[in-house]
Amino acid sequence: MADELYAGTSGSGSRAGIWSVKVLINSVDWTARVVGDIRIDAEESSARIAELTVRPLSGAAFAIADWVGKPVRIDVCNLASGSPTDIARLFSGLIDTPTLDLDLRSIKLLCTDNLQSQLDALDAAAIDALIPTAYYSPAVFDDAAGGWRRAQDRLSTIPYALDLNASGAFRLVAWQPAAQADLLFTASHLLDSSVQ
């Protein structure tokens, strides 16, 4: 998607390109406390999911239940110059399921962008405004249906998907391919004459 393109980095001066992430949990920078990989899954018409593991500060007291519902933001940035530049959002959402691992002294976080709940919080007029070209008939669909169900009914009449972008804003995406690709790979992008 055009709103999810990230600037490439070839480094600065003699320095190689360096990518890093920045993780904020409840507006606190947890980047240095992230352990292992961060996985983000984004599928059409589905909630965006992020999985990551953090290690709390030694001796810190906390309750696992207190983590539920805390906001999470994950950004990618270019560190080739030594300080973060070209910061781009990868994920915005909430912690859904925190899991404590006593052996590794870490907390695994399963996070969601909360797509379904955000749609359920909208009234019929707001849903209709998000999907303006769709057809709707109370003779075919349940007129009392709201939120997620109403959005799915309207989407069933047009070739579009509705989801949230990485920043958490609603977007309507056409199934038809764009006239011009967001990314174009040429022979100059290939290494050792191989696309692998």
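This is a short walk through one protein chain, from its overall layout down to a few single residues.

Okay, hi everyone. One thing before we start: what you see above is a predicted model, so please keep that in mind as we go.

Let's begin with the overall layout. The protein chain holds three helices and nine strands. If you trace the elements from the N terminus, they go β-β-β-β-β-β-β-α-α-α-β-β. There are 196 residues in the chain, and 28% of them are buried. On the outside, the chain exposes about 12,000 Å², with carbon and sulfur atoms supplying 53% of that area. And here's a number about how the chain folds back on itself: take the contacts between residues at least 6 apart in sequence, and 55% of them join residues at least 24 apart.

Now, the sheet. Seven strands make up an open sheet, and the pairing is antiparallel. In what order do the strands sit in this sheet? Reading across, you get β2-β1-β5-β6-β7-β4-β3. The edges are β2 and β3; each has a single partner strand, so one side of each has no neighbour in the sheet.

Let's zoom in on one end. Strand β1 covers residues 19–25, β5 covers residues 71–78, and seven bridges join these antiparallel strands. For a landmark, look for Ile25, which stands opposite Val72 in β5. On to β2, residues 28–29: two bridges link this strand to β1, again antiparallel. Here Leu24 has Asp29 in β2 as its bridge partner. The hairpin of β1 and β2 has two residues between the strands, and Asn26 there takes a positive phi near 55°.

Over towards β3, we meet β4, residues 49–54, which is joined to β7 by six bridges and runs antiparallel to that strand. Find Ile49, and its bridge partner in β7 is Thr112.

And in β3 itself, residues 34–41, you'll find Gly36. Is Gly36 buried or exposed? Gly36 counts as exposed, because its relative accessibility is 63% and the cut-off for exposed is over 50%. Gly36 also has its C-alpha atom 7.6 Å from that of Leu52, although the two residues are 16 apart along the chain.

Next, the helix α3, residues 147–155. Which residues of α3 are buried? They are Gly147, Arg150, Ala151, Asp153, Arg154 and Leu155. As for what they pack against, that's two helices and two strands: α1 (115–120), α2 (124–130), β8 (160–164) and β9 (170–174). A general point to remember when you look at a helix: an α-helix has 3.6 residues a turn, so residues three or four places apart point the same way.

Back out to the surface. Phe62, Leu100 and Leu102 make a nonpolar patch of about 300 Å². Leu102 sits in the loop between β6 (85–101) and β7 (106–112), and because its relative accessibility is 66%, Leu102 counts as exposed.

Last stop, the cysteines. Cys77 is buried, because its relative accessibility is 4%, and Cys111 is buried too, with a relative accessible area of 1%. How many disulfides does a search of the whole structure find? Zero. If the term is new to you, a disulfide is a covalent bond between the sulfur atoms of two cysteines.

That's my tour, thanks for listening!

Definitions and conventions:
Residues are numbered from 1 along each chain as its sequence is written. This is a predicted model: local features need pLDDT of at least 70, side-chain atom pairs count only at pLDDT 80 or more; totals for chains, interfaces and linings use all residues. Side-chain values use heavy atoms; hydrogens and water are left out. Helices (H or I, at least four residues) and strands (E, at least two) are DSSP runs, numbered from the N terminus. Buried means under 20% relative accessible area, exposed over 50%, partly exposed in between (1.4 Å probe, protein chains only). Patches are made of residues with over 30% relative accessible area and no salt bridge: like charges are joined within 9 Å, nonpolar side chains (Val, Leu, Ile, Met, Phe, Trp, Tyr) within 5 Å. Accessible areas come from the Shrake-Rupley method with a 1.4 Å probe; for residues, only the protein chains shown count as cover. A salt bridge is a side-chain nitrogen of Lys or Arg within 4 Å of a carboxyl oxygen of Asp or Glu. A disulfide is a pair of cysteine sulfur atoms within 2.5 Å. Two strands pair if DSSP finds at least two bridges between them. Contact means heavy atoms within 4.5 Å.
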